[in-house]
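Open the model in your viewer and keep the selection tool at hand. The tour goes stop by stop: what to select, then what is there.

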Amino acid sequence: YSFSFPFSLKDNLIGFFGSLKNDLLYLKKNKFVFIWTILFIFIGLLNLINPEIREDQYHTDLPHRYVKSQTVMVPPYEKFSVSASPLLSEMYYTPGILYISKESARYIHFTYYILVLLTLVNFSRLKKYKFAIYTPLLFASAPVVIHETSSIYVDFQWIFCFLLSIIMLFDRKNNEFSQIKSGILFGGVLATKLWTIVFSIVFALFMLTTKDLTSKKIIHVFLFISFTLFVSAIWFLRAYVLTGNPLFPAFNNSDLSYFVGINYQLLNIFSFINVFSPLFFVSFVFLIYKVKINVKKICELELFRYLLLLLILYLSIHYPFGRYLLGLYVIFIFLSSFAIHNVYNFKFIKIFLNCVLMPLFAYYLLSSILVLPYAVGISDKNSYLTRILSRDNSSYYDFDHKFEKFLSDKDLVATYEVYGFYYANFDYIYADYIFSKTKDFTALKSARATKLFIKGGDIAWLCTKNKLVKCDTENYQLLSKYSAVPYSATSYYLYEIK
């Protein structure tokens, strides 16, 4: 989507919604893609009604803390080592959390999901990439994407910026300005997820392998890196002020050699078969049709050169699977779409693709519908979340209504082995952090904690595990406890500190 400078809000809004309308009209021309994409978006909307059950709840906990403390300069103590990392997406969540609720973060993330789909449609409108019309469906029907559509994660935001930064590379109308725009957009990626800094290698290699003059290539790389840093440098400066390490937590108590090496797991298709869309896997069979012509066309397109460089990068580093593969997947689906585009006119292919998608859609639709009674109050929402969140989860919840009646927003709760507070209505500090600095159990009282919430065992268990001294329990009254059996072997204890 193009924006004019100097900035004119009215003109840009008109241009944006006009382009949006054109995208939808363009997508409707392919009824197969349009209908199925809408159906998977519908599942995402259903999941937004259902309660949040994800881990990584620092995506809302940190903005909530920033609002409470009126600063983003929260040091990386406690268990929040990520608090000094780039957190651009969390900044987008902050106004919603401040003025509405933590729940607003899910809707903001879902908005970026829609923007990713629209960007893929927009990509397919480029003359050389008409075949990419299937990419929105390939993205929307991936199990990892379906799971994320209603989450409080931040992946769709950086995927959105990542896609736009690549599109800018293919804009040859104004080469230098294209690198600047691409760098600014990739700065948004880097300002959201620090580990994506490895993608800058791919961008640089891509620019250096173009047919431009060597001097021009160097200028392009320089412009790209400069404007990437222009956007993201504030986060590196913040990390340096907080920790002394601008790339925190990289190079901080971790052996980086662990992350570098041949990733043989990526070569095993069964390791990510529940991550990518089933259409993605079946589409590669279609490449056999007119294979020589397909290979020639693939070699001519810049995007697939970028894909090759990106694939080599992913094969050279170790990383968690699941949503961490989205950076590769969102580019790989262009090759998959290319394969489907070449054979879609065959009637039996249309029938086959519909048959592949039907059971996937039915499974996730049924899964969403089964949870709806808990979300709308027909069934007990607390019993559902107790069952889900107590399975060795690290998040706080009012399990079986055992704790909330003893807690208020005036409490300062010292928590042990509990790091997610999406459902908490109180302020908290980390007992883990306190005991990493001192082995004196009375330090909890010195920290002005009013309650102690332990995951794992009672006070005697806590003192034994951490080898604490002065474990006098006279000033601690057990208010409530909850055993997670049979969901897990974990127990939760809440004490009042007198």
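A residue counts as buried when its relative accessible area is under 20%. Keep that cut-off in mind, and remember that this is a predicted model.

**Stop 1: N294**

Select N294, in helix 13 (residues 291-300). Is N294 buried or exposed? Its relative accessible area is 4%, so N294 is buried. Now show its side chain. The side chain reaches the backbone oxygen of Y289, at 2.6 Å. Add the residues that N294 touches beyond its neighbours within four places in sequence: F286, L287, Y289, F338 and N342.

**Stop 2: helix 3 against helix 4**

Select residues 58-69 for helix 3 and residues 88-99 for helix 4. Their axes come within 9 Å and cross at roughly 65°. The crossing is right-handed. Which residues make the contact? On helix 3, pick Y58, H59, T60, P63, H64, Y66 and V67. On helix 4, pick E90, M91, Y93, T94, I97 and L98. Colour this set by character: eight are nonpolar, four polar and one charged.

Stay on helix 4 and turn to its buried residues. These are L88, S89, E90, Y93, T94, G96 and I97. What do they pack against? Helix 3 is one of the partners. The others are helix 5, helix 8 (155-169), helix 9 (175-190) and helix 11 (214-243).

**Stop 3: the R106 network**

The whole structure holds six salt bridges. Begin with R106 and E52, whose side chains meet in one at 3.4 Å, N to O. R106 lies in helix 5 (residues 104-124), while E52 sits in the loop between helix 2 (31-49) and helix 3, so the pair ties together parts that are 54 residues apart in sequence.

How accessible are the two partners? R106 is buried, at 0% relative accessibility. E52 is buried too, at 0%.

Next, add E103. R106 forms a salt bridge with E103 as well, the closest N and O atoms being 2.5 Å apart. At 27% relative accessibility, E103 counts as partly exposed. Display E52, E103 and R106 together: they are linked in a network of salt bridges.

**Stop 4: D440 and K470**

Select D440 and K470 for another salt bridge, with the closest N and O atoms 3.7 Å apart. D440 is in the loop between helix 18 (431-437) and helix 19 (443-446), and K470 is in the loop between helix 20 (459-466) and strand 4 (476-483), so the pair ties together parts that are 30 residues apart in sequence. Compare the accessibility of the two ends. D440 is buried, with a relative accessible area of 18%. K470 is exposed, at 56%.

**Stop 5: D155**

Go back to helix 8 and select D155. Its relative accessible area is 3%, so D155 is buried. The side chain of D155 makes a polar contact with the side chain of W158, at 3.0 Å. Which residues does D155 touch beyond its neighbours within four places in sequence? Add H109, E148, K193, R323 and L326 to see them.

**Stop 6: Y306**

Select Y306, in helix 14 (residues 302-315). At 0% relative accessibility, Y306 counts as buried. Show what surrounds it. Leaving out residues up to four places away in sequence, Y306 touches F162, I166, L169, V202, F203, F206 and I331. Then pick T209. The C-alpha atoms of Y306 and T209 are separated by 9.9 Å, though the two residues are 97 residues apart along the chain.

**Stop 7: backbone details**

Switch to the backbone for three short visits.

- **P486:** look in the loop between strand 4 and strand 5 (491-497). The peptide bond from V485 to P486 is cis, with omega near 10°.
- **H401:** look in the loop between helix 17 (381-389) and strand 1 (412-416). Phi is near 60°, a positive value in a residue other than glycine. H401 is partly exposed, at 44% relative accessibility.
- **K467:** look in the loop between helix 20 and strand 4. Phi is near 55°, again positive in a residue other than glycine. K467 is exposed, at 69% relative accessibility.

Technical notes:
Residues are numbered from 1 along each chain as its sequence is written. This is a predicted model: local features need pLDDT of at least 70, side-chain atom pairs count only at pLDDT 80 or more; totals for chains, interfaces and linings use all residues. Side-chain values use heavy atoms; hydrogens and water are left out. Axes are lines fitted to C-alpha atoms, for helices over the stretch in contact, and angles run from 0 to 180 degrees between N-to-C directions. Helices (H or I, at least four residues) and strands (E, at least two) are DSSP runs, numbered from the N terminus. A crossing is left-handed if the near helix is turned anticlockwise from the far one by less than a right angle, and right-handed if clockwise. Contact means heavy atoms within 4.5 Å. Ala, Val, Leu, Ile, Met, Phe, Trp, Tyr, Cys and Pro count as nonpolar, Asp, Glu, Lys and Arg as charged, and the others, Gly among them, as polar. Buried means under 20% relative accessible area, exposed over 50%, partly exposed in between (1.4 Å probe, protein chains only). A polar contact is a pair of N or O atoms within 3.5 Å; within protein, one must be able to donate a hydrogen and the other to accept it, and residues adjacent in sequence count only if both atoms are side-chain atoms. A salt bridge is a side-chain nitrogen of Lys or Arg within 4 Å of a carboxyl oxygen of Asp or Glu.
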